[in-house]
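Thank you all for coming; I would like to talk through two topics today, the cysteines and then one helix. Please have a look at the sequence and the structure before I go on.

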Amino acid sequence: MREECGVVGVVKQDADSHPVPAALLIYYGLYALQHRGQESSGITVHDGKEPNTFKGMGLVPEVFDKNDLIDLKGNVGIGHVRYSTSGDSRVENCQPFIVKYKSGTVAIAHNGNLVNGLDLRKELEAEGHVFVANSDTEVIAHLLVKELLKHDIPDAVRNIMKRLHGSYSLAIMIDDLLMAVRDPYGFKPLCIGEIESGHAVASESVAIDTLNGDLIRDVNPGELIIFRGGEIESHQLFNEPSCAHCVFEYVYFARPDSIIDGKLVYRVRERIGEQLSIEHPVDADMISPVPDSGITSAIGYSRKSNIDYEESLMKNRYIGRTFILPGQAMRETAVRLKMNTINENIKDKRIVLIDDSIVRGTTSRRIIDMMRRGGASEIHARVGSPPIIAPCYLGIDMASREELIAAHKTVSGVEAVINADSLGYLSIDGLVNAIGLEKDDLCLGCLTGAYPLEIPGEKVCSRRQLKLNEFK
Ligand code: AMP
């Protein structure tokens, strides 16, 4: 099961130290991360005696009643938003996960995907552990509880890190102690911040901004942070982390106003657009984005190429992703409901259409057809990522290899399918330069088909491999 998620954790020094209850702070933090998951939402707050959880299917404002949250006692808590397209869309899989054990409780919110989740689960089931859901996160919770019975927190976390193969950015509560953990590759983002009389951890810095807080820094790959007594206790559990930050966070997934691993996503997307205009120039009348994901790169392309930025498409921002209408006839209406053309802007124009990525190719085709009907004379598609040729096993829900159009077709083949006059993808080096991190510090698995860690049936890239004996 592949998951895209967002996590938040908040700790206040004491009940009176911040006018807003912890549960409500988490609610606002999750609101800021709604783009990371729309399927389910959950909040667990610890009142000093026991954890209290609210969770359910749906968007943040659908699941929580603010009045209930105001009454939820506790100065510390974690929250989660989840999006999964597999058949496992059920309430048991909503997070945070809570596991009670003889010394207390563990609550976990997880963003990422374990490659060996099923193996670990089978092993734990054979030992008598009972699982209520089928998510990796529950496996992490059970492993942690097992270790906590024998070890202190840093040792317990180190021991489970040795077993977990994959991506995990975690907000954890052991009783009322808040912690943050990021896997040794730092696949998924995770950062910490200071809020009024307390601290927060979040998948993206926008959640900390929303709480009127200040970003302190990213959690390091392989680091455990414990928020104890108003202090930040850092345990670097992996000697020499071997970063493999997900490029797709920069390309599509994260909010442009977030700072991830030191880079403002907006700036990265602007540079992607500039780089695209250098790699794939074209004589045209206007530069237009596919909203919203192509907007920032279109601004960069327009600036660099000196061709005007003008919108051709308007998105209805009140239509959710899950909006599905049966039947072919209604499908066109569904597309139009989501996105409409501004015909006066596009009539007889040669347009450079910028989008962040092409996955299956169906969205681009529909949009280009619509723009042709709206009167555009030429449509030149420019894509802010290199061709996506391989699946993601590490937390981006990206379709199977069969469904990925670029896994089976050349650039001109894709150009024909999406019905564009020309098509240009950003190069891998262009993307790496736009991000501004070292190539070896990025996960390029979906673009190269070679992954930073071993995945059954797939190639491993030639970068330095992590060794489990490198744990301190
Ligand atoms: P398609 O080529 O029809 O699969 O759609 C690609 C478009 O979907 C891209 O332009 C993105 O804006 C968006 N997209 C890309 N990756 C994802 C993802 N993992 N989850 C949801 N939407 C995505």
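Why is the sulfur of C392 not bonded to the closest cysteine sulfur, in C246? Keeping in mind that this is a predicted model, the sulfur of C392 lies 6.1 Å from the one in C246, which is too far for a bond, because a disulfide needs the two sulfur atoms within 2.5 Å. As for its surroundings, C392 counts as buried, with a relative accessibility of 11%.

C461 can be treated in a similar way: its closest cysteine sulfur belongs to C443, and at 7.3 Å that is again too far for a bond. C461 has 21% relative accessibility and therefore counts as partly exposed, since buried would require a value under 20%. For the structure as a whole, the number of disulfides is zero.

Let me turn now to the helix, α5, which runs over residues 136-148. With 13 residues at 1.5 Å a residue, α5 should span 18 Å, and its end C-alpha atoms are 19 Å apart, which agrees with that expectation. At the N-terminal end, S135 acts as a cap, with a side-chain oxygen 3.0 Å from the backbone nitrogen of T137.

How many of the 13 residues of α5 are buried? The count is 12, so α5 is largely enclosed by the rest of the structure. Among these buried residues are D136, E138, H142 and E147, along with V139, I140 and L148. The elements that cover the buried residues of α5 include the strands β5 (97-101), β6 (104-111) and β7 (169-174), together with the helices α4 (117-126) and α6 (153-163).

Notes
Residues numbered from 1 in each chain as written. Predicted model: local features only at pLDDT ≥ 70, side-chain atom pairs only at ≥ 80, totals over all residues. Heavy atoms only, no water. Buried < 20%, exposed > 50% of the residue type's maximum accessible area, 1.4 Å probe, protein only. Helix = DSSP H or I, 4+ residues; strand = E, 2+ residues; numbered from the N terminus. Expected span 1.5 Å × (residues − 1). Contact = heavy atoms within 4.5 Å. Polar contact = N/O pair within 3.5 Å; in protein donor to acceptor, adjacent residues only side chain to side chain.
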